[in-house]
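Visitor: Got a minute to walk me through this one? I'd like to start with how it's packed inside.

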Amino acid sequence: MNIDDFLKRKQFQVLDEYLTSEMNRTAGEDLVSRMKDVFEAREEEVRDWYFSNIGALGGKRPYDVCKEGNSQEVEKILSRIEHGVYS
């Protein structure tokens, strides 16, 4: 069984829906749309990035930064990524 088969199980579908909902709630529609545009990715891939530790955010997750009310910091990182500035 590969990871995709495992993740398609019912309990993970519920988790998938919850994480997507939480991303949309904390980031907002505009920032989620921006992330999709910058990464040219599906919502699932954007969500993976959103809930991952990011060095440019001091090791925090974009999720944590947005929950703290600092979504503009995530926007700055997205602009840097979009323009190829990774340091």
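Guide: Sure, we'll go through confidence, the core, the aromatic rings, the helices and a few charged residues.

Visitor: What's the mean pLDDT here?

Guide: This is a predicted model, and the mean pLDDT of the protein is 88, with 85% of its residues at 70 or more.

Visitor: Which element has the lowest mean pLDDT, and which the highest?

Guide: Helix H1, residues 3-7, has the lowest at 60, while H5 has the highest at 97.

Visitor: OK, the inside. How many residues are in the largest nonpolar core?

Guide: There are 19, and the ones with the most contacts inside that core are Met35, Trp49, Tyr50 and Val74. The elements that each give two or more residues to it are helix H2 (10-27), H3, H4, helix H5 (62-67) and helix H6 (71-82).

Visitor: Take Met35. What is it in contact with, leaving aside neighbours within four places in sequence?

Guide: Methionine 35 is in contact with Met23, Ala27, Val46, Trp49, Tyr50 and Leu78, once those neighbours are left aside.

Visitor: Switching to rings. How many aromatic pairs does the structure hold?

Guide: It holds 4. One of them is phenylalanine 39 with tryptophan 49, a tilted pair at 4.9 Å centre to centre and 50 degrees between the planes. Phenylalanine 39 lies in helix H3 (residues 29-39) and tryptophan 49 in helix H4 (residues 43-50), so the pair ties together parts that are 10 residues apart in sequence.

Visitor: And are those two, Phe39 and Trp49, buried or exposed?

Guide: Phenylalanine 39 is partly exposed, at 27% relative accessible area. Tryptophan 49 counts as buried because its relative accessibility is 15%, and the cut-off for buried is under 20%.

Visitor: Why is the Tyr50 and Phe51 pair called edge-to-face?

Guide: Their planes sit at 85 degrees, with ring centres 5.2 Å apart, so the pair is edge-to-face; the label applies to angles over 60 degrees. Tyrosine 50 counts as buried, at 0% relative accessibility. Together with Tyr63, Tyr50 and Phe51 form one aromatic cluster.

Visitor: Back to H4. Which of its residues are buried?

Guide: Val46, Arg47, Trp49 and Tyr50. They cover an arc of only 160 degrees around the axis, so they lie on the same side of H4.

Visitor: Why would residues a few places apart point the same way in a helix?

Guide: An α-helix has 3.6 residues a turn, so residues three or four places apart point the same way.

Visitor: What about H3, which residues are buried there?

Guide: In H3, the buried ones are Leu31, Val32, Arg34, Met35 and Val38. These cover an arc of only 160 degrees around the axis, which puts them on the same side of H3. The face turned away from that buried side carries the exposed residues Glu29, Asp30 and Asp37.

Visitor: Hang on, there's an arginine in that list. What does the Arg34 side chain make a polar contact with?

Guide: With the side chain of glutamate 82, at 3.0 Å. Arginine 34 is buried, with a relative accessible area of 18%. Not counting residues up to four places away in sequence, it touches Glu75, Leu78, Ser79 and Glu82.

Visitor: And what comes after H3?

Guide: Glutamate 40 follows H3, and its phi is positive, near 45 degrees. That's a positive value in a residue other than glycine. Glutamate 40 is in the loop between H3 and H4, and it counts as exposed at 74% relative accessibility.

Visitor: Glu22 next: buried or exposed?

Guide: Glutamate 22, in helix H2, counts as buried at 8% relative accessibility. Its side chain is joined to that of arginine 25 by a polar contact of 2.7 Å. Setting aside neighbours within four places in sequence, glutamate 22 is in contact with Phe51 and Tyr63. Those two belong to the aromatic cluster with Tyr50.

Visitor: Last one. Where is Glu73 found?

Guide: Glutamate 73 is in helix H6 and is partly exposed, with a relative accessible area of 32%. Its C-alpha atom and that of leucine 57 are separated by 7.8 Å, and the two residues are 16 apart along the chain. Leaving aside neighbours within four places in sequence, glutamate 73 is in contact with Leu57 and Val65.

How values were computed:
Residues numbered from 1 in each chain as written. Predicted model: local features only at pLDDT ≥ 70, side-chain atom pairs only at ≥ 80, totals over all residues. Heavy atoms only, no water. Phe/Tyr/Trp six-rings, centres within 6.5 Å; stacked < 30°, edge-to-face > 60°. Helix = DSSP H or I, 4+ residues; strand = E, 2+ residues; numbered from the N terminus. Buried < 20%, exposed > 50% of the residue type's maximum accessible area, 1.4 Å probe, protein only. Arc of directions from axis to C-beta. Core = buried A, V, L, I, M, F, W, Y, C linked by side-chain atoms within 4.5 Å. Contact = heavy atoms within 4.5 Å. Polar contact = N/O pair within 3.5 Å; in protein donor to acceptor, adjacent residues only side chain to side chain. pLDDT = per-residue confidence, 0-100.
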